[in-house]
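Reader: I'm new to this one and a bit lost. Could you pick one part, look at it closely, and then walk me through how the rest goes with it?

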Amino acid sequence: MTIRVATAADTQYAELLCQWYIESAKLRGTGIAKRDPEYVKAKMVQGNAVIAFVEDELAGFCYIETFESGKFVANSGLVVNTELRKHGLGRAIKREVFRLSRSKYPDAKIFGITTSLAVMKINSDLGYKPVTFSELTTSEDFWKGCKSCKNFGILTENERKMCLCTGMVFDDVTAPLPASETETETPSSTSTLSE
C-alpha cells in the first residue's frame, strides 16, 4: 500500500473519486456532499490532498480545505474504494491527511463534520473532540458545501446550529504528530468511509 500527498499527475483520478462519493452516499443512505472533479483536481495540484494505492490500484483519497485565513482546516472527502473495505485504509489515509494538515497549518483548528461512526472513531483516536457547530468555522464557503447533502434542509432549518452530522475539532497545537503509516505497521488492504 502507498499513501502519499497527491500531485497534478493524480488529477486523472478526479472523476472516479467523485463517482465514489456518489456511490458511498447511496450505499450509506446518509448525507454526503457531492464533490466537483475540478475542485478535487485543484486540491491535488495544490498539494492539499492525500491519495492511496494498493498494488497500483486507486484505493482512497482525502483532502484539506482552509477557512478564515487558515484559522480552521477541514480534512474532507475521505473515501475508499468499496472493494477494499474494512482493513484500515480509511484510518491510514485520515492519519496522513491529519499529519499533512498539522504540518502545513500548525496553528489551525482541524475540524470535520460527519455522520459516519467509523470516521468519528478515527477522529477521536487522533485527538478530535465533539463540539457544537458554533465551535466550527463561520465561513460561508464551508457551509455552502453542505448544499448538495440530502440533509441540507435540516441544517438550514436549525440555522446551522445542528444537523445529523457531528462536528469534531482538534485544537491541541502542542500535541505530537501521530506516526506516519510508513513509520508504523501498514494494513494490507482497506476500508470505505466518506466524510
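Author: Let's start with Val45, which touches Ala8 and Thr11 once residues up to four places away in sequence are set aside. Keep in mind that what you're looking at is a predicted model. You'll find Val45 in helix α2, which covers residues 37-45. Is Val45 buried or exposed? It counts as exposed, because its relative accessibility is 55% and the cut-off for exposed is over 50%. Its partner Ala8 is 37 residues away along the chain, yet the C-alpha atoms of Val45 and Ala8 are separated by just 4.5 Å.

That kind of link across the sequence turns up a lot here. Of the contacts in the protein with a separation of 6 or more, 74% are between residues 24 or more positions apart. The protein has 195 residues, and buried ones make up 50% of them. There are six helices and seven strands, and if you read along the sequence they follow the pattern β-α-α-β-β-β-α-β-α-β-α-α-β.

Now for the rings. The structure holds 12 aromatic pairs. Take Phe72 and Phe111: their ring centres are 5.8 Å apart and their planes sit at 90°, so this pair is edge-to-face. This pair links distant parts of the chain, with Phe72 in strand β4 (residues 72-80) and Phe111 in strand β5 (residues 109-114), 39 residues apart. Phe72 is buried, at a relative accessible area of 4%, and Phe111 counts as buried too, at 0% relative accessibility.

A second edge-to-face pair is made by Phe98 and Phe170, with 4.9 Å from centre to centre and 90° between the planes. Here again distant parts of the chain are linked: Phe98 is in helix α3 (residues 89-104) and Phe170 is in strand β7 (residues 166-170), 72 residues apart. Phe98 has 1% relative accessibility, so it counts as buried. Phe170 is buried as well, with a relative accessible area of 5%.

Back to Phe72 and Phe111 for a moment. They belong to one aromatic cluster together with Phe67, Phe133, Phe142 and Trp143. Elsewhere a ring meets a charge: Arg35 lies over the face of Tyr21, at 4.7 Å from the ring centre.

Phe98 also leads us to a helix crossing. The axes of α3 and helix α4 (residues 117-126) come within 10 Å and cross at roughly 45°. The two helices are therefore oblique to each other, and their crossing is right-handed. Which residues of α3 and α4 make the contact? From α3 they are Gly90, Arg91, Lys94, Arg95 and Phe98, and from α4 they are Lys121, Ile122, Asn123, Asp125 and Leu126.

Follow Arg95 and Phe170 and you end up in the segment after β7. Ala179 is found there, and its C-alpha is 8.2 Å from that of Arg95, although the two are 84 residues apart in sequence. At 31% relative accessibility, Ala179 counts as partly exposed. Ala175 is in the segment after β7 too. Leaving out residues up to four places away in sequence, Ala175 touches Arg102 and Phe170. Ala175 and Gly127 are 48 residues apart along the chain, and their C-alpha atoms are separated by 8.8 Å. So is Ala175 buried or exposed? Ala175 is buried, because its relative accessible area is 18% and the cut-off for buried is under 20%.

Two last spots are worth a look for their backbone. Most residues other than glycine have a negative phi. Glu68 isn't a glycine, and yet its phi is positive, at about 55°. It lies in the loop between β3 (57-67) and β4, and with a relative accessible area of 32% it is partly exposed. Arg160 isn't a glycine either, and its phi is positive at about 60°. Where does Arg160 sit? It is found in the loop between α6 (152-157) and β7, where it counts as partly exposed at 27% relative accessibility.

Key:
Residues numbered from 1 in each chain as written. Predicted model: local features only at pLDDT ≥ 70, side-chain atom pairs only at ≥ 80, totals over all residues. Heavy atoms only, no water. Phe/Tyr/Trp six-rings, centres within 6.5 Å; stacked < 30°, edge-to-face > 60°. Helix = DSSP H or I, 4+ residues; strand = E, 2+ residues; numbered from the N terminus. Buried < 20%, exposed > 50% of the residue type's maximum accessible area, 1.4 Å probe, protein only. Lys NZ or Arg CZ within 6 Å of the ring centre and 35° of its normal. Axes fitted to C-alpha atoms, helices over the stretch in contact; angles between N-to-C directions. Parallel < 35°, antiparallel > 145°, perpendicular 65-115°, else oblique. Left-handed = near helix turned anticlockwise from the far one by under 90°. Contact = heavy atoms within 4.5 Å.
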